[in-house]
Amino acid sequence: MDSTERPRGPRLEWTVVAGEGTIGGPLLLAATPEGLVRVEFHAGPDRVDTMIGSLVSRLGADAWRPQPGREVLLAEPIRQLKAYFAGSLKRFELPLDWRLSSGFNRQVLQELDRSVPYGAVVGYGELAARVGQPGAAQAVGNAMGSNPLPLVVACHRVVETDGGIGGFGGGVETKRGLLALEGVLPQPLF
């Protein structure tokens, strides 16, 4: 999947961002001409081919991984992610390709993106009420679990009403780290 030739048809540009300051291990980023389409935590070499194969299949696009520093569609997402992890970016301003989410899930994720800022959290039930579905807290949890754009569409900011941290596709420790970065939780001591 590591093609150095630009595809001729519908394009999916992808890369893996790893480095000092990232939380949750290497991040797979993928974008189409419409916008960022996928963010995936723990993108080790053993998982990348499967992740990209799934995206190619679902989107009907040819995958292309540019050389580091030569990204076109991903240049701005990479810049903003670095700024976020450095603590200087509070809101991602990126075009998003929502094709991997639909219906209720997309509605919930778009509401989350619109209304829960950096450094804030919301309960699953409260987010359900915001989209007109009070009592659908479990469905909101499912929407968070299917989020194709975690971190950018900040599902780590959704917590349990009773004060519990809740689940997270990138792992609970990753969620804790992101909430600590945003000042919601104290930084871990070790």
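The secondary structure of this chain, taken from a predicted model, adds up to six helices and six strands. Walking along the sequence, the elements come in the order β-β-β-α-β-α-α-β-α-α-β-α. So how does the radius of gyration fit with a compact globule? A compact globule of 190 residues would have a radius of gyration near 16 Å, and the chain has 16 Å, so the two agree. Laid along its principal axes, the C-alpha trace spans about 50 × 40 × 30 Å.

A fair bit of the chain is tucked away: buried residues account for 48% of the 190 residues. What still faces outward comes to about 9400 Å², with carbon and sulfur atoms supplying 50% of that exposed area. Contacts also reach across the sequence. Taking contacts with a separation of 6 or more, 60% of them link residues 24 or more positions apart.

Strand β2, covering residues 27-32, is a good place to zoom in. This strand is mostly covered, with six of its six residues buried. In a regular strand, side chains alternate between the two faces of the sheet. In β2, Leu27, Leu29 and Ala31 point one way, while Leu28, Ala30 and Thr32 point the other way, and all are buried.

β2 also has partners. Strand β1 (residues 11-17) runs antiparallel to β2, and five bridges join the two; here Glu13 sits opposite Ala31 of β2. Strand β3 (residues 35-40) pairs with β2 as well, again in the antiparallel sense and over five bridges. Within β3, Glu40 is the bridge partner of Leu28. Getting from β2 to β3 takes a hairpin of two residues.

The UniProt record, an unreviewed entry, places the feature "domain: Methylguanine DNA methyltransferase ribonuclease-like" at residues 25-97. In the model, that span is 36% helix and 21% strand, and its end C-alpha atoms lie 23 Å apart.

Further along the chain, Ala143 belongs to helix α5, which covers residues 137-145. Is Ala143 buried or exposed? Its relative accessible area is 0%, and buried means under 20%, so Ala143 counts as buried. Which residues does Ala143 touch, leaving aside those up to four places away in sequence? The answer is Asn105, Val108 and Leu109. Take Asn105: this residue and Ala143 are 38 residues apart along the chain, yet their C-alpha atoms are separated by 4.7 Å.

How values were computed. Residues numbered from 1 in each chain as written. Predicted model: local features only at pLDDT ≥ 70, side-chain atom pairs only at ≥ 80, totals over all residues. Heavy atoms only, no water. Helix = DSSP H or I, 4+ residues; strand = E, 2+ residues; numbered from the N terminus. Buried < 20%, exposed > 50% of the residue type's maximum accessible area, 1.4 Å probe, protein only. Contact = heavy atoms within 4.5 Å. UniProt positions renumbered as here; feature names shortened; annotations may be inferred. Pairing = 2+ DSSP bridges. Rg over C-alpha atoms; globule rule 2.2 N^0.38 Å. Areas by Shrake-Rupley, 256 points an atom, 1.4 Å probe, with all protein chains shown as cover.
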